[in-house]
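Biologist: Got a minute to go through this one with me? I'd like to start with how exposure is judged.

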Amino acid sequence: MGADRANGVVNYCRRPPQRPFLQKIRYAIWNPEERTFLGRTGRRWGVIGLIYLVMYICIIIFFSICMCGLLATMDDRIPYFTLADSIIGDNPGMAHRPLVYEEGALIWYDASNATQYRKYVANIDEFLAPYENKTLLVTRGENQRDCGAVKPPRAEVCAFNTSLLGPCTSANGYGYPDRTPCLIIKLNKIYDWSPNFYDDPGELPPEMPPDIKQYINSTTTPQERRKTYFPYDNTPGYLSPLVAVQLLEPTLHQIINIRCRAWARNIQYTESLKERLGSTHLEIMID
């Protein structure tokens, strides 16, 4: 019943013996005559296991060497590719709050229904929580400084005072109960990017809104037009500067399209709502 061994040589071309179906299955698992498990002897299983063991050990060693070499050339705070060389690029986008992702860019509520507008108030509260409670930050706010017009050292960041948002506070529901809703606008963070400001009032773009031109013309020093929050360098505890926009007399029962854009020489802007370069878009309807 075992292997034919003519002249002591195993003959693997023999016709397999005829066995009942269940016996075939049992012999396929363990063959007591040839002492094989799943068709291989213990010695052959040992050789195969040793080959795979050596192969995987070599793979692990090779992978570890590659990872060590890669990590040795990387910084956990500085991206390998920055600005124009990175996927994000060197043109910052903008973001706004409130933003309820399930509803998209449309803000729609009835001011007489507290349940409807509270979700927007809660969304802004959640976003501003690290600004108002520094203990929520990784550094617990210990490296934050009131910078003024001076850029802080590398390990420190500028604090942002939410009192600069004016009447847009949580105490009054950011104006949502009174049908004068507030919108919080910010620039998205791009490592090592700094805005190139319009310092010369005589070189302002003709399409720039009159109130921004008036502000620039009313300043007396370039420092008044700059912000010390840039460039963003991935320092822990960093918070982006914010701008609050309040709609004082919005038209009711009608969708209002709003687009906010940033102004700087090195911020590209397109009218296309698909690309939204240098801007953010939202819609709001108040009943």
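Modeller: Sure. Buried means under 20% relative accessible area, exposed means over 50%, and partly exposed is in between. Keep in mind that this is a predicted model.

Biologist: Then how does Ser-170 count, buried, exposed or partly exposed?

Modeller: Partly exposed, because its relative accessibility is 35%. Ser-170 is in the loop between strand S8 (157–158) and strand S9 (182–187).

Biologist: How far is Ser-170 from Val-121 in space?

Modeller: Their C-alpha atoms are separated by 7.3 Å. Along the chain, the two are 49 residues apart.

Biologist: Switching to rings. How many aromatic pairs are there in the whole structure?

Modeller: The search finds 10. One of them is Tyr-109 with Tyr-176, a tilted pair. Centre to centre they are 5.4 Å apart, with 50° between the planes.

Biologist: Where do those two sit in the chain?

Modeller: Tyr-109 is in strand S6 (residues 106–109), and Tyr-176 is in the loop between S8 and S9. They are 67 residues apart, so the pair links distant parts of the chain.

Biologist: And are they buried or exposed?

Modeller: Tyr-109 counts as buried, because its relative accessibility is 0%. Tyr-176 is also at 0% and counts as buried.

Biologist: What about Tyr-131 and Phe-160, what sort of pair is that?

Modeller: Edge-to-face, because the planes are at 85°. The ring centres are 5.9 Å apart. Tyr-131 lies in helix H3 (residues 114–132) and Phe-160 in the loop between S8 and S9, so the pair ties together parts 29 residues apart in sequence.

Biologist: Buried or exposed, those two?

Modeller: Tyr-131 is buried, at 9% relative accessibility. Phe-160 is buried too, with a relative accessible area of 8%.

Biologist: Back to Tyr-109 and Tyr-176. Which cluster do ring pairs link them into?

Modeller: A cluster of Tyr-109, Tyr-117, Tyr-120 and Tyr-176.

Biologist: Any charges over rings? Which rings does Arg-261 lie over?

Modeller: Arg-261 lies over the face of Trp-263, 3.6 Å from the ring centre. Its charged end also sits over the ring of Tyr-269, at 3.9 Å from the centre.

Biologist: New topic. Where does UniProt place the transmembrane region?

Modeller: At residues 45–72, and that comes from an unreviewed entry. In the model, residues 45–72 are 100% helix and 0% strand. The end C-alpha atoms of that stretch are 40 Å apart.

Biologist: Which residue in helix H2 should we look at?

Modeller: Take Trp-45, found in helix H2 (residues 42–72). Trp-45 is partly exposed, because its relative accessible area is 33%.

Biologist: What surface patch does Trp-45 help make?

Modeller: A nonpolar one of about 840 Å². Its residues are Phe-21, Leu-22, Ile-25, Ile-29, Trp-30, Phe-37, Leu-38 and Trp-45.

Biologist: Which helix gives the most to that patch?

Modeller: Helix H1 (residues 21–29), with 4 residues.

Biologist: And Leu-71, where is that, and how exposed?

Modeller: Leu-71 is in helix H2. At 53% relative accessibility, Leu-71 counts as exposed. Leu-71 and Asn-217 are 49 Å apart, C-alpha to C-alpha, and 146 residues apart in sequence.

Biologist: Now the backbone. Why look twice at cis bonds and positive phi values?

Modeller: Because most peptide bonds are trans, and most residues other than glycine have a negative phi.

Biologist: Which bonds are cis, then?

Modeller: Arg-97 to Pro-98 is a cis peptide bond, with omega about 10°. Pro-98 lies in the loop between strand S5 (94–97) and S6. Phe-230 to Pro-231 is cis as well, with omega near 0°. Pro-231 is in the loop between helix H4 (210–218) and strand S10 (243–246).

Biologist: And which residues have a positive phi without being glycine?

Modeller: Among them is Arg-179, with phi near 60°. Arg-179 is in the loop between S8 and S9, and it is partly exposed at 29% relative accessible area. Asp-192 has a positive phi of about 65°. Asp-192 is in the loop between S9 and H4, and it counts as partly exposed at 41% relative accessibility.

Notes:
Residues numbered from 1 in each chain as written. Predicted model: local features only at pLDDT ≥ 70, side-chain atom pairs only at ≥ 80, totals over all residues. Heavy atoms only, no water. Buried < 20%, exposed > 50% of the residue type's maximum accessible area, 1.4 Å probe, protein only. Phe/Tyr/Trp six-rings, centres within 6.5 Å; stacked < 30°, edge-to-face > 60°. Lys NZ or Arg CZ within 6 Å of the ring centre and 35° of its normal. UniProt positions renumbered as here; feature names shortened; annotations may be inferred. Patch = residues over 30% accessible without salt bridge, like charges linked within 9 Å, V, L, I, M, F, W, Y side chains within 5 Å. Areas by Shrake-Rupley, 256 points an atom, 1.4 Å probe, with all protein chains shown as cover. Salt bridge = Lys/Arg side-chain N within 4 Å of Asp/Glu carboxyl O.
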